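Let's take a walk through this structure, starting with the overall picture and then stopping at a few residues worth a closer look. Keep the viewer open as you read.

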Amino acid sequence: MFSKVATIAAIAALAEQAAAFNSHRHLHNVDKRALEIDWVTVWETVYVTAGQESADPTTTEPVIEITTNVPTVYSTSTVVVPATTSQPPAAVPAAPEPVDPATVPLVSIAPSPVEIAPVEEAAATQPAATQPPVVNNPIVEEPAPVEEEQETEPETPAPSGGAPFSKRGLAYNDPLLAQTFGSSCKSCGWTYNWGSSSFGLESSMNYIPMLWGDAEMHTGHWVEDADAAIASGSKAVLSFNEPDHATQANMDPGRAAAAHAKFMNPYSGKALVGAPAVTNSGNAGEGLEWLQAFFDACDAQPEGCSVDFCPVHWYSEAQYSDTLFTHIEKAHEICGNRPIWLTEFAPLGSGPQIDEFMTNVIPQLDAIDYLHAYSYFMVSVGNLMSSPSQLSSFGQLYATV
């Protein structure tokens, strides 16, 4: 852990130059046929602090607080990005009962970029029926033409839960890892990467762009990226990432409501519009309490806030999986009974505990009719992948259960 902290501190001096390059980079088109990428590995250190609880404050079950700093940069040149002004992804569970804190590094993410349109199959043509010959012009009864049996493709089943795609999705930073995982996950129907461009994700799964925050480095290329994504088939757009958390988008509800109305309302009717994604923190002013304040602030906007669904996040120990479903249910109520998207979730525990969690929880998520989408955190080595080419044990369960 200390070596990672030292590494982050050593590169912090290049923060402004790297941030400016990242913002500028989004304004240029990249030739997908000649894409060359210098990969920059930026470590993420996640600190887990026991001693919060996000469900019933009268219980004593420990929950965890996760603080993440994830710098993500996509570039055709080697660029160093500081960890102190990080973006996606993160989540904060919560709870009122303090215990001695313990910090443990959890995951590392190697951000990287890559989109190829799906190949359309040629339609089969039916041979024309032949007319029988007429003999000596008598009136004869022509035999009915024999219809040749045509091969037809099986119909794709309608997505569960009313969403425009299957519920299960992939959250990724590295599009190559997402492509590898997606080839094994037949139930996975959508993707997102906490950004507004897929950076060439070569997949038929529906990419969903996100406006991570209201800073100019995000809003400056949002319209261009979102318009391009919708033109390419994106069915939804995601609003801010954890504005209820100080290390993420960090926006008060009034500011978020005004920015949402400005940047997200124009896409109403063009795509499904998501509310800002909130954590499962039980701290005052965070989590679902922040979401309720956001909707209250939207009432003060002249045009209101266009919202078709509400994304939420959940992190806790595997043994407290019941709080996941309580969190989803309460979010559904606060969201005015709109659909819910669970865009980040993960349990903490041993490998066997996570395997058991995945086996039990995924079918229950599939059964909730108002939960239209969910994505596990995340497609990366150490999480859903055990190596760049292999799925982890619980990654295999996520792909197949």
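What follows goes from the whole chain to one sheet, and then to some single residues.

First, a word on what you're looking at: this is a predicted model. The protein chain has 10 helices and 12 strands. Of its 401 residues, 49% count as buried. As for the surface, the chain exposes about 19100 Å², and carbon and sulfur atoms supply 53% of that area.

Now find the sheet. Six strands make up an open sheet in the order β5-β4-β3-β10-β9-β8, and the pairing is parallel. At the edges sit β5 (206–207) and β8 (310–317), each of which pairs on one side only. In general, strands of a sheet pair through backbone hydrogen bonds, either parallel or antiparallel.

Let's go to the β8 edge. Its partner is β9, residues 340–348, and eight bridges join the two parallel strands. To pick out one link by eye, look for Y315, whose bridge partner in β9 is A346.

While you're in β9, look up T343, which is found in that strand. Is T343 buried or exposed? Its relative accessibility is 2%, and the cut-off for buried is under 20%, so T343 counts as buried. What does T343 touch, leaving aside residues up to four places away in sequence? The list is W190, Y192, A277, P311, V312, H313 and S375. Two of those names can be placed by their numbers: W190 falls within β4 (188–192), and P311 falls within β8 (310–317). S375, for its part, belongs to β10 (residues 371–379).

β10 has a backbone detail of its own. The peptide bond from F377 to M378 is cis, with omega near -5°, and M378 lies in this strand.

Two loop residues round off the tour, and both are residues other than glycine with a positive phi. F199 has phi near 55° and sits in the loop between β4 and β5. N337 has phi near 65°, and its place is the loop between α8 (322–334) and β9. Which of these loop residues is buried, and which is exposed? F199 has a relative accessible area of 12%, so it is buried. N337 comes out at 55%, and because exposed means over 50%, N337 is exposed.

Methods: Residues numbered from 1 in each chain as written. Predicted model: local features only at pLDDT ≥ 70, side-chain atom pairs only at ≥ 80, totals over all residues. Heavy atoms only, no water. Pairing = 2+ DSSP bridges. Helix = DSSP H or I, 4+ residues; strand = E, 2+ residues; numbered from the N terminus. Buried < 20%, exposed > 50% of the residue type's maximum accessible area, 1.4 Å probe, protein only. Contact = heavy atoms within 4.5 Å. Areas by Shrake-Rupley, 256 points an atom, 1.4 Å probe, with all protein chains shown as cover.
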